[in-house]
Amino acid sequence: MSSNKMKFNTKTIHGGQIPEKGYGAVMPPIYQTSTYSQSSPGKHLGYEYSRTHNPTRHALESSLASIENGVYGLAFGSGLAAIDAVLKLLSPGDEVISTNDLYGGSYRLFTKIFENFGIKFHFTGMNDPVSVEKLINVNTKMIWVETPTNPMMNVIDISSLSKIAKSRKILLSVDNTFATPFLQQPLNLGADIVMHSATKYLAGHSDVVLGALVVNNKDLADKLYFIQNASGAICGPMDSFLTLRGIKTLHVRMERHCQNAKKIAVFLNNHNGIEKVFWPGFETHPNHVIAKKQMSNFGAMISFTTKGNDFNKAIQIIEKLKIFTLAESLGGVESLAGHPASMTHASIPKKDREASGVVDSLIRLSVGIEDSEDLISDLKQAIDI
Ligand SMILES: *Cc1c(COP(=O)(O)O)cnc(C)c1O
């Protein structure tokens with residue numbers, strides 16, 4: 001069956017995969033090799049050097065393209081390496097409009113590395129696409145979107161932005177790390193580039209750091225493959241294998257992640273020690289309607305603040321959690337808790353951070369796939385004291 005006819009739950013397992021020729025191995029072998037023999041200069045079986053191509057990475061890249069309903073997949077050594085490759089499509093003088101509450105590492109890469117190379121970034125809330133349009137000028141070459149945003153869980157209307165981007169010939173890139181293609185497929189909604197920190201849900205077991213891009217356009221793909229090979233920020237065969245293995249259970253994990261998150265969001269919302277819960281599944285969430293339209297479920301990332309925005313209480317909760325582990329990152333089978341202001345978002349100036357809602361009492365949860373009753377008891381004992 002051709003990959004684009006499969007349903008999502010089949011694509012995660014078979015999408016883009018070709019039978020292994022050597023011994024009929026069901027899983028692609030880990031081709032732990034840097035180079036490949038040639039019978040005569042330039043004559044080889046399709047692979048010459050592993051920075052350029054590697055069969056295990058290739059199997060992963062085909063899988064990534066398939067699950068995002070795209071044509072071309074590219075894998076990198078980390079999510080940031082993937083973003084770095086996208087930004088190298090730009091030239092000095094070019095401008096980028098980006099969501100304002102984005103992943104701290106993306107913000108750091110934009111402002112501390114690429115601004116030095118003459119690229120200008122504008123950060124704005126994108127709940128209102130008109131505010132984005134106002135920032136566009138002749139130099140604007142890219143719109144960079146994260147949705148749901150990290151850690152405030154704003155949901156941005158990809159399809160409306162894609163209309164604006166297309167009419168102005170601007171590339172629309174979407175960081176789909178939080179939603180995964182199980183919940184949302186940005187290319188279908190008109191995005192040009194989908195980016196992933198596969199470190200998170202795609203690999204899903206907190207055992208690998210890896211990044212990904214998926215595109216549909218051949219010219220764009222050729223430019224990105226050129227950058228991938230020329231800059232060389234590729235992932236190794238073992239990490240490619242682990243991510244491919246993770247993707248095979250993505251749909252099953254995501255279902256449970258979402259089920260657990262819903263129960264936890266409701267629990268927190270009803271708890272009188274909690275001020276505010278940020279989760280797009282609530283009808284009161286400002287972007288609930290868009291979330292319902294562009295996502296198939298609401299995800300498993302939840303942020304909340306303590307009653308009266310009490311910083312000490314927030315730290316106390318984080319320290320008392322037993323099943324939720326205090327750690328950076330998200331999207332693994334295990335539940336994690338984080339304190340964005342001092343962890344993932346510490347590199348964003350306090351004033352900018354607070355303007356986007358990342359106050360000092362904000363706690364971010366990555367809800368795992370443990371038993372939901374255990375997770376709720378854990379939160380209860382930590383909050384109640
Ligand atoms: C983690 C993360 C990144 C960066 O990915 P790495 O794999 O850590 O380099 C980018 N965007 C989002 C939304 C992330 O959560």
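In which helix is Thr 180 found? In this predicted model, Thr 180 belongs to helix α7, which spans residues 180-183. The residue is buried, because its relative accessibility of 0% falls under the 20% limit. Its backbone has a positive phi of about 65°, although Thr 180 is not a glycine. A second residue of this kind is Met 153, whose phi is likewise positive, near 60°. Met 153 is placed in the loop between β4 and α6, and at 1% relative accessibility it also counts as buried. For context, most residues other than glycine have a negative phi, and most peptide bonds are trans.

The loop that holds Met 153 also contains two prolines that follow cis peptide bonds. Pro 148 lies in this loop, between β4 (140-146) and α6 (158-167), and the bond that joins Thr 147 to Pro 148 is cis, with omega near -10°. Pro 151 has its place in the loop between β4 and α6 as well. The peptide bond from Asn 150 to Pro 151 is cis, with omega near 5°.

The ligand is surrounded by 13 residues, of which Gly 79, Asp 175, Ser 197, Thr 199 and Lys 200 come nearest. Polar contacts to the ligand involve both side-chain and backbone atoms. A nitrogen atom of the ligand lies 2.7 Å from a polar side-chain atom of Asp 175. In the case of Thr 199, an N or O atom of the side chain is 2.7 Å from an oxygen atom of the ligand. Leu 80 contributes a polar backbone atom, at 2.9 Å from a ligand oxygen.

Ser 197, one of the residues that come nearest to the ligand, falls within strand β6 (residues 193-197). Strand β6 pairs with β7 in the antiparallel sense over five bridges, and within this pairing Ile 193 has Val 215 of β7 as its bridge partner. Strand β7 (residues 211-215) is also paired with β1 (residues 72-76), again antiparallel and over five bridges. Here the bridge partner of Phe 76 is Gly 211. In general, strands of a sheet pair through backbone hydrogen bonds, either parallel or antiparallel. Five of the five residues of β7 are buried. Gly 211, Leu 213 and Val 215 point one way from the strand, whereas Ala 212 and Val 214 point the other way, and residues on both sides are buried.

A further sheet is open and comprises five strands in the order β8-β9-β12-β11-β10, with mixed pairing. Strands β8 (274-278) and β10 (325-326) stand at the edges; each has a single partner strand, so one side of each lacks a neighbour in the sheet. The partner of β8 is β9 (residues 301-306), and the two pair in the antiparallel sense over four bridges. Helix α10 (residues 250-269) lies across β8, β9 and β12 (363-366), and runs at about 10° to β9.

Within β8, the position of Ile 274 may be described further. Its bridge partner in β9 is Thr 306. Despite the place of β8 at an edge of the sheet, Ile 274 counts as buried, because its relative accessibility is 5%. Beyond its neighbours within four places in sequence, Ile 274 is in contact with Leu 268, Phe 304, Thr 305, Lys 307 and Ile 383. Between the C-alpha atoms of Ile 274 and Lys 5, which are 269 residues apart along the chain, the separation is 46 Å.

Another buried position is found beyond β11. His 339 is situated in the loop between β11 (336-338) and α13 (350-355), and its relative accessibility of 4% places it among buried residues. A polar atom of the His 339 side chain lies 2.6 Å from the backbone oxygen of Asp 360. Leaving aside neighbours within four places in sequence, the contacts of His 339 comprise Phe 311, Ile 315, Ile 318, Thr 344, Asp 360 and Leu 362.

Cysteines were also examined. A disulfide is a covalent bond between the sulfur atoms of two cysteines. Zero disulfides are found in a search of the whole structure. Cys 235 is buried, with a relative accessible area of 5%, and Cys 258 is buried as well, at 2% relative accessibility.

Key:
Residues are numbered from 1 along each chain as its sequence is written. This is a predicted model: local features need pLDDT of at least 70, side-chain atom pairs count only at pLDDT 80 or more; totals for chains, interfaces and linings use all residues. Side-chain values use heavy atoms; hydrogens and water are left out. A disulfide is a pair of cysteine sulfur atoms within 2.5 Å. Buried means under 20% relative accessible area, exposed over 50%, partly exposed in between (1.4 Å probe, protein chains only). Two strands pair if DSSP finds at least two bridges between them. Contact means heavy atoms within 4.5 Å. Axes are lines fitted to C-alpha atoms, for helices over the stretch in contact, and angles run from 0 to 180 degrees between N-to-C directions. A residue is near a molecule or strand if one of its heavy atoms lies within 4 Å of it. A polar contact is a pair of N or O atoms within 3.5 Å; within protein, one must be able to donate a hydrogen and the other to accept it, and residues adjacent in sequence count only if both atoms are side-chain atoms.
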